[in-house]
Amino acid sequence: MTLTLLDRTRCTDEATGKDADASPGKGVVDPGAALEPEKSPGSAPRRAAGREADGLAVASFVLGLVGLLVFNIVLGPMAIVMALLALTRRTRRRGRAFLGLALGVADLVVLAALVTANGTVAWSIGG
């Protein structure tokens, strides 16, 4: 950006007949500067943190849902942790984070039921 601004300054000064070394950048308006909206210093990290928290909420929901069928010993706790992280980071998708939390707990309940019924952590559909 600095090189672009200096190049524009030199081009403008040469066109008006001024010496570019005498006053670099004085009185020269960058035409591209007006097009960019002013950004507050803290706006970008908040958006990134919000997107990350939303992603955690969606991931916890998906992992909890898949965990009902396979790998509930691993996916259940992962869904719970991701849902809690999303809620502490103030996600906009609170409902999805709560569903991920509930599905993660349901994964652990299914795991406990399987261990109690079969004595193993595997599904036995065939009978």
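Biologist: Let's start with one residue: does arginine 90 count as buried or exposed?

Modeller: This is a predicted model, so its values are computed from predicted coordinates. Arginine 90 sits in the loop between helix 3 and helix 4. The cut-off for the exposed class is over 50% relative accessible area. With 73% relative accessibility, arginine 90 counts as exposed.

Biologist: What is the phi of arginine 90?

Modeller: Arginine 90 is a residue other than glycine, and its phi is positive. The value is near 55°.

Biologist: Which residue in the loop between helix 2 and helix 3 has a positive phi although it is not a glycine?

Modeller: The residue lies in the loop between helix 2 and helix 3, and its relative accessible area of 62% makes it exposed. Its phi is about 50°. The residue is phenylalanine 71.

Biologist: And which glycine takes a positive phi just after helix 4?

Modeller: Look just past the end of helix 4, where phi is about 80°. The residue there is glycine 119.

Biologist: Let's step back to the whole chain. What pattern does the protein chain follow along the sequence?

Modeller: The secondary structure comes to 4 helices and 0 strands. Read along the sequence, that gives the pattern α-α-α-α.

Biologist: How much of the accessible surface of the protein chain belongs to carbon and sulfur atoms?

Modeller: Of the 127 residues in the chain, 24% count as buried. The accessible surface comes to about 9,000 Å². The share of that surface belonging to carbon and sulfur atoms is 65%.

Biologist: How far apart are the end C-alpha atoms of helix 4, and what span should its residues give?

Modeller: Helix 4 has 25 residues, and the expected span uses 1.5 Å a residue. The count is taken as one less than the number of residues, so the helix should span 36 Å. The end C-alpha atoms agree with this, being apart by 36 Å.

Biologist: Which residues of helix 4 are buried?

Modeller: A residue is buried when its relative accessible area is under 20%. Valine 109 is in helix 4, but at 52% it is exposed. Valine 115 also has its place in helix 4, and its 40% makes it partly exposed. The buried residues in helix 4 are Ala97, Gly100, Leu103, Gly104, Asp107, Leu111 and Leu114.

Biologist: What separates the C-alpha atoms of valine 109 and asparagine 72?

Modeller: Along the chain, valine 109 and asparagine 72 are 37 residues apart. In space, their C-alpha atoms are separated by 9.4 Å.

Biologist: Which residues make the largest nonpolar core?

Modeller: In soluble globular proteins, nonpolar side chains tend to be buried together. Here the largest nonpolar core has 5 residues, with helix 2 and helix 3 each supplying at least two. Leucine 56 belongs to the core, and its contacts beyond four places in sequence are Met82, Leu85, Ala86 and Arg89. The core residues are Leu56, Ala57, Ala86, Leu87 and Ala97.

Biologist: There is a nonpolar patch on the surface too. Which helix gives the most to the nonpolar patch?

Modeller: The patch covers about 880 Å², and its residues include Val62, Phe71, Met78 and Val115. Two or more residues come from each of helix 2 and helix 3. With 3 residues, the one that gives the most is helix 3.

Biologist: Now for the charged pairs. Which residue meets arginine 89 in a salt bridge?

Modeller: The N to O distance is 2.2 Å, and a salt bridge needs it to be within 4 Å. Arginine 89 lies in the loop between helix 3 and helix 4 and its partner in helix 2, so the pair ties together parts 37 residues apart in sequence. Arginine 89 is partly exposed at 38%, and the partner is partly exposed at 44%. That partner is glutamate 52.

Biologist: Which residue forms a salt bridge with aspartate 54?

Modeller: The closest N and O atoms of this pair are 2.9 Å apart. The pair links aspartate 54 in helix 2 with a residue in the loop between helix 3 and helix 4, 38 residues apart. Aspartate 54 is buried, at 7%, whereas its partner is exposed, at 70%. The partner is arginine 92.

Technical notes. Residues numbered from 1 in each chain as written. Heavy atoms only, no water. Salt bridge = Lys/Arg side-chain N within 4 Å of Asp/Glu carboxyl O. Buried < 20%, exposed > 50% of the residue type's maximum accessible area, 1.4 Å probe, protein only. Core = buried A, V, L, I, M, F, W, Y, C linked by side-chain atoms within 4.5 Å. Contact = heavy atoms within 4.5 Å. Patch = residues over 30% accessible without salt bridge, like charges linked within 9 Å, V, L, I, M, F, W, Y side chains within 5 Å. Areas by Shrake-Rupley, 256 points an atom, 1.4 Å probe, with all protein chains shown as cover.
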